[in-house]
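Me: I am new to this structure. Can you walk me through it, one short question at a time?

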Amino acid sequence: MSYRDVAQDMRKKASGLTYITLSDGTSIHYQRTPARARQVRVILRVVDGVLQVSAPKHISQRVIEQVIDRHQNWILDMLNTATKRIMRPIQAGDTIWLYGQNCILKAHHTNQVIEWAVASRQILIPDALQNGQLHNAVYTWLRILAKTRLRALAQDLAREFHCLPKQIVIKEQKRRWGSCSSKGNINLNWRLIQAPQAVQSYVIIHELAHLTEMNHGPRFWALVRAMMPNYDQHRKWLTIHGERLYDIQPEGILIRQE
């Protein structure tokens with residue numbers, strides 16, 4: 001079923017959204033979200049089947065809708081893809097990302113705890129766990145693994161580059177991979193445990209550089225490049241694949257149906 005076919009049904013279900021008719025006659029709705037600090041342009045995202053538009057306050061609705069219309073083909077493709085996604089609890093046989101690799105969840109009758117079999121790219125799970133229990137167990141296991149591994153990596157890199165963050169915190173961050181406060185505290189998004197280690201290192205180095213340069217000016221990027229000359233490719237990986245790191249949620253995993 002295409003997005004065009006379900007547009008009217010979505011119109012009835014949606015609330016708190018703004019409607020627009022595109023130049024090809026398709027009606028869609030969108031949600032305006034706050035812009036980030038120093039953001040100067042309109043950013044379009046499709047999240048959970050809804051077009052989100054992030055724009056500075058001074059940008060008018062008319063300008064926003066012109067941007068939407070110019071990108072209508074991309075938007076409709078993304079919305080059409082979103083109708084092919086379902087959220088359900090994790091099951092044995094599912095695959096999840098860990099260090100940038102697809103790892104299959106395999107029930108194992110001898111296991112009492114969840115274990116990662118690195119060589120075979122398997123996550124061994126106790127077969128006694130039911131679906132709801134299994135999902136909670138895997139979600140919790142991932143967060144604990146992230147807390148241990150990401151903090152250790154950040155500490156190693158801080159020592160290597162002679163940086164002294166006051167505190168390293170691993171937590172959920174809805175819109176950021178990492179952050180550095182004016183007090184010298186570094187926060188890292190636990191979901192980075194799913195990314196390749198080089199990508200994890202880039203985010204950590206990015207935040208360590210903020211201990212010296214609390215901005216994104218030329219001197220900041222020169223410092224990042226001095227610490228990681230090929231940082232561009234890891235930054236690009238996050239741009240391309242970052243959305244997938246949010247597939248696992250407390251209530252379920254997002255399954256993309258072909």
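Me: Where does H210 lie?
Reply: Bear in mind that this is a predicted model. Look at two helices, α5 (197–209) and α6 (218–227). H210 sits in the loop between α5 and α6.

Me: Is H210 buried or exposed?
Reply: The relative accessible area of H210 is 8%. Buried means under 20%. Therefore H210 counts as buried.

Me: Which side chains make a polar contact of 3.3 Å with the side chain of H210?
Reply: One such contact joins the side chains of H210 and H216. Another polar contact of 3.3 Å joins H210 to a second histidine side chain, that of H206. The names are H216 and H206.

Me: Which residues is H210 in contact with, leaving aside its neighbours within four places in sequence?
Reply: Contact means heavy atoms within 4.5 Å. H216, a polar partner of H210, is on this list too. The full list for H210 is C180, N215, H216 and F220.

Me: What separates the C-alpha atoms of H210 and S182?
Reply: Along the chain, H210 and S182 are 28 residues apart. In space, their C-alpha atoms are separated by 8.9 Å.

Me: In which strand is S54 found, and is S54 buried or exposed?
Reply: S54 belongs to strand β4, residues 50–54. Its relative accessibility is 0%, and the cut-off for buried is under 20%, so S54 is buried.

Me: Which residues is S54 in contact with, leaving aside its neighbours within four places in sequence?
Reply: Neighbours within four places are set aside here. Among the contacts of S54 are T33, P34, A35 and R36. The others are Q39, R41, V42, I43, R45 and R175.

Me: Where does A137 lie, and how accessible is A137?
Reply: A137 is part of helix α4, which covers residues 131–160. Partly exposed lies between the 20% and 50% cut-offs. With a relative accessibility of 24%, A137 is therefore partly exposed.

Me: Which residues is A137 in contact with, and what separates its C-alpha atom from that of P126?
Reply: Leaving aside neighbours within four places in sequence, A137 is in contact with I114 and L129. P126 is 11 residues from A137 along the chain. The C-alpha atoms of A137 and P126 are separated by 9.9 Å.

Me: Which strand gives the most to the lining of the second largest pocket?
Reply: Two strands, β6 (95–98) and β14 (252–256), each supply at least two residues of this lining. The top contribution is four residues. That strand is β14.

Me: How many residues line the second largest pocket, and what kinds are they?
Reply: T95, R244, D247, I253 and L254 lie nearest the centre of this pocket, which holds about 250 Å³ of space. Its lining has 13 residues. They divide into six nonpolar, three polar and four charged.

Me: How many helices and strands does the protein chain have?
Reply: The C-alpha trace spans about 55 × 55 × 30 Å along its principal axes. The chain has seven helices and 14 strands.

Me: What share of the residues of the protein chain count as buried?
Reply: The chain has 258 residues and exposes about 14600 Å². Carbon and sulfur atoms supply 50% of that area. The share of residues that count as buried is 45%.

Terms used. Residues are numbered from 1 along each chain as its sequence is written. This is a predicted model: local features need pLDDT of at least 70, side-chain atom pairs count only at pLDDT 80 or more; totals for chains, interfaces and linings use all residues. Side-chain values use heavy atoms; hydrogens and water are left out. On a 1 Å grid over the protein atoms alone, a cavity is a set of points where a 1.4 Å probe fits but cannot get out, and a pocket is an open set with protein on both sides within 12 Å along at least five of seven lines; lining residues have an atom within 4 Å of a point. Grid points are joined across faces, edges and corners, and a volume is the space filled by probe spheres set on the points. Ala, Val, Leu, Ile, Met, Phe, Trp, Tyr, Cys and Pro count as nonpolar, Asp, Glu, Lys and Arg as charged, and the others, Gly among them, as polar. Buried means under 20% relative accessible area, exposed over 50%, partly exposed in between (1.4 Å probe, protein chains only). A polar contact is a pair of N or O atoms within 3.5 Å; within protein, one must be able to donate a hydrogen and the other to accept it, and residues adjacent in sequence count only if both atoms are side-chain atoms. Accessible areas come from the Shrake-Rupley method with a 1.4 Å probe; for residues, only the protein chains shown count as cover.
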